[in-house]
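Here are some worked exercises to try with the model open beside you. Have a go at each task before reading its solution.

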Amino acid sequence: MDVTPLIPEGLQLIETYGDGAFRITGVRYQGAVFVFPDETQVWQQASVEDLTAAALSPVTDRETVPEILLLGTGARTEFILPSIRAAIREKGPVVDIMDTGAACRTYNVLLAEGRRVAAALLPVD
(Lines give C-alpha, C1' and ligand atoms only; values in the text may rest on other atoms or scores of the structure.)
Protein backbone atom coordinates (compact mmCIF):
# COMPACT_ATOMS: atom_id res chain seq x y z
CA MET A 1 0.00 0.00 0.00
CA ASP A 2 1.30 3.44 -0.91
CA VAL A 3 1.09 5.69 2.13
CA THR A 4 2.65 8.77 0.57
CA PRO A 5 0.33 11.75 0.44
CA LEU A 6 -1.43 12.43 -2.83
CA ILE A 7 -0.15 15.79 -4.01
CA PRO A 8 -1.79 17.43 -7.02
CA GLU A 9 0.56 17.96 -9.95
CA GLY A 10 2.37 21.30 -10.01
CA LEU A 11 2.73 21.67 -6.25
CA GLN A 12 6.08 21.72 -4.47
CA LEU A 13 6.66 18.40 -2.70
CA ILE A 14 9.69 18.01 -0.42
CA GLU A 15 11.20 14.68 -1.48
CA THR A 16 14.48 14.53 0.43
CA TYR A 17 16.69 16.52 2.77
CA GLY A 18 20.23 16.04 4.08
CA ASP A 19 23.85 16.64 3.14
CA GLY A 20 23.14 20.38 3.30
CA ALA A 21 20.53 20.23 0.53
CA PHE A 22 16.91 19.50 -0.38
CA ARG A 23 15.22 17.85 -3.36
CA ILE A 24 11.90 19.50 -4.00
CA THR A 25 9.72 18.31 -6.89
CA GLY A 26 12.76 16.85 -8.64
CA VAL A 27 15.04 19.90 -8.22
CA ARG A 28 18.05 19.93 -5.87
CA TYR A 29 18.58 23.05 -3.75
CA GLN A 30 21.82 23.54 -1.82
CA GLY A 31 21.39 25.36 1.50
CA ALA A 32 18.36 26.98 3.09
CA VAL A 33 15.06 27.36 1.22
CA PHE A 34 11.55 28.74 1.41
CA VAL A 35 8.97 26.26 0.13
CA PHE A 36 5.52 27.42 -0.91
CA PRO A 37 2.85 25.31 -2.62
CA ASP A 38 3.59 27.01 -5.95
CA GLU A 39 7.35 27.68 -5.78
CA THR A 40 10.63 27.16 -3.95
CA GLN A 41 13.09 30.00 -3.30
CA VAL A 42 16.69 29.95 -2.10
CA TRP A 43 16.93 31.52 1.36
CA GLN A 44 20.12 33.31 2.38
CA GLN A 45 19.89 32.27 6.05
CA ALA A 46 22.77 30.53 7.79
CA SER A 47 21.40 29.85 11.28
CA VAL A 48 18.61 30.45 13.74
CA GLU A 49 20.86 32.63 15.90
CA ASP A 50 20.89 35.48 13.37
CA LEU A 51 17.25 35.13 12.28
CA THR A 52 15.17 38.31 12.09
CA ALA A 53 11.55 38.96 11.20
CA ALA A 54 12.81 40.73 8.06
CA ALA A 55 14.55 37.52 6.95
CA LEU A 56 11.10 35.93 6.75
CA SER A 57 9.59 38.73 4.63
CA PRO A 58 9.40 36.48 1.53
CA VAL A 59 6.72 34.62 3.50
CA THR A 60 4.96 37.48 5.27
CA ASP A 61 4.95 39.87 2.29
CA ARG A 62 3.32 37.46 -0.18
CA GLU A 63 0.07 38.48 -1.84
CA THR A 64 -1.57 35.45 -0.20
CA VAL A 65 0.05 35.01 3.19
CA PRO A 66 0.13 31.39 4.40
CA GLU A 67 -1.85 30.50 7.50
CA ILE A 68 1.01 28.33 8.81
CA LEU A 69 4.76 28.87 8.60
CA LEU A 70 6.85 25.83 9.46
CA LEU A 71 10.33 26.85 10.57
CA GLY A 72 12.80 23.98 10.21
CA THR A 73 15.80 24.81 12.39
CA GLY A 74 18.26 22.15 11.22
CA ALA A 75 19.15 18.88 12.93
CA ARG A 76 17.44 19.85 16.18
CA THR A 77 14.72 22.22 17.29
CA GLU A 78 16.01 25.66 18.24
CA PHE A 79 13.62 28.35 19.38
CA ILE A 80 13.42 31.95 18.18
CA LEU A 81 12.94 35.13 20.17
CA PRO A 82 9.33 35.79 21.20
CA SER A 83 9.56 39.23 19.56
CA ILE A 84 10.32 37.61 16.18
CA ARG A 85 7.45 35.15 16.57
CA ALA A 86 5.10 38.05 17.47
CA ALA A 87 6.24 40.15 14.49
CA ILE A 88 5.54 37.26 12.12
CA ARG A 89 2.17 36.53 13.73
CA GLU A 90 1.15 40.19 13.27
CA LYS A 91 1.46 39.66 9.52
CA GLY A 92 -0.69 36.53 9.52
CA PRO A 93 1.03 33.16 9.81
CA VAL A 94 1.20 31.05 12.92
CA VAL A 95 4.83 29.95 13.34
CA ASP A 96 5.47 26.31 14.17
CA ILE A 97 9.11 25.59 15.02
CA MET A 98 10.63 22.11 14.72
CA ASP A 99 13.68 20.31 13.41
CA THR A 100 13.99 20.36 9.63
CA GLY A 101 13.05 16.71 9.11
CA ALA A 102 9.79 17.16 11.02
CA ALA A 103 9.10 20.41 9.15
CA CYS A 104 9.55 18.67 5.78
CA ARG A 105 7.16 15.85 6.70
CA THR A 106 4.61 18.22 8.22
CA TYR A 107 4.73 20.50 5.17
CA ASN A 108 3.94 17.58 2.85
CA VAL A 109 1.00 16.46 5.00
CA LEU A 110 -0.46 19.98 5.25
CA LEU A 111 0.05 20.48 1.51
CA ALA A 112 -1.85 17.25 0.82
CA GLU A 113 -4.67 18.55 3.02
CA GLY A 114 -4.89 21.72 0.92
CA ARG A 115 -3.75 24.04 3.72
CA ARG A 116 -2.10 27.41 3.07
CA VAL A 117 1.34 26.41 4.32
CA ALA A 118 4.91 27.58 3.79
CA ALA A 119 8.20 26.23 5.12
CA ALA A 120 11.41 28.09 5.90
CA LEU A 121 14.01 25.34 6.09
CA LEU A 122 17.60 25.38 7.29
CA PRO A 123 19.62 22.46 5.92
CA VAL A 124 20.74 19.36 7.79
CA ASP A 125 24.32 18.28 7.12
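**Warm-up: a lysine and its partner**

Lysine 91 is partly exposed, at 46% relative accessibility; buried means under 20% relative accessible area, exposed over 50%, and partly exposed in between (1.4 Å probe, protein chains only). Before going on, note that this is a predicted model, where local features need pLDDT of at least 70 and side-chain atom pairs count only at pLDDT 80 or more, while totals for chains, interfaces and linings use all residues. Residues are numbered from 1 along each chain as its sequence is written, and side-chain values use heavy atoms, leaving out hydrogens and water.

**Exercise 1. Find the acidic partner of lysine 91 and say which parts of the chain the pair ties together**.

Step 1: Look for a salt bridge, that is, a side-chain nitrogen of Lys or Arg within 4 Å of a carboxyl oxygen of Asp or Glu. The side chain of lysine 91 meets that of aspartate 61, at 3.5 Å from N to O.

Step 2: Place both residues. Lysine 91 is in the loop between α2 and β7 (94-98) and aspartate 61 in the loop between α1 (57-60) and β6, so the salt bridge ties together parts that are 30 residues apart in sequence. Helices (H or I, at least four residues) and strands (E, at least two) are DSSP runs, numbered from the N terminus.

Step 3: Check the surroundings. Aspartate 61 counts as exposed at 52% relative accessibility.

Step 4: Widen the search. The count for the structure is six salt bridges. Among them, arginine 23 meets glutamate 15 at 2.8 Å, and arginine 76 meets glutamate 78 at 3.9 Å. Salt bridges with shared partners also join Asp38, Glu39 and Arg62 into one network.

**Exercise 2. Work out which rings form the aromatic cluster, and how each pair is arranged**.

Step 1: Set the rule. Rings of Phe, Tyr and Trp (its six-membered ring) pair if their centres lie within 6.5 Å; planes under 30 degrees apart are stacked, over 60 edge-to-face, and the rest tilted.

Step 2: Search the whole structure, which gives two aromatic pairs. Phenylalanine 34 and phenylalanine 36 are stacked, at 6.2 Å centre to centre and 25 degrees between the planes. The rings of phenylalanine 34 and tryptophan 43 have centres 4.7 Å apart and planes at 35 degrees, so this pair is tilted.

Step 3: Join the pairs. Phe34, Phe36 and Trp43 are linked into a cluster.

Step 4: Ask whether the members are buried or exposed. Phenylalanine 34 is buried at 1%, phenylalanine 36 is buried at 1%, and tryptophan 43 is buried at 6%.

Step 5: Look over the face of phenylalanine 36. Arginine 62 lies there, 3.8 Å from the ring centre; the rule asks for NZ of Lys or CZ of Arg within 6 Å of the centre and within 35 degrees of the ring normal.

**Exercise 3. Describe what surrounds β6, and name its strand partners**.

Step 1: Check burial. Five of the five residues of β6 are buried, so this strand is largely enclosed by the rest of the structure.

Step 2: Split the strand by face. Ile68, Leu70 and Gly72 are on one side, and Leu69 and Leu71 on the other.

Step 3: Find the neighbours, where pairing needs at least two DSSP bridges between strands. Five bridges join β6 to β7, running parallel, with leucine 69 opposite valine 95. Five bridges also join β6 to β8 (residues 117-121), again parallel, and isoleucine 68 has valine 117 as its bridge partner.
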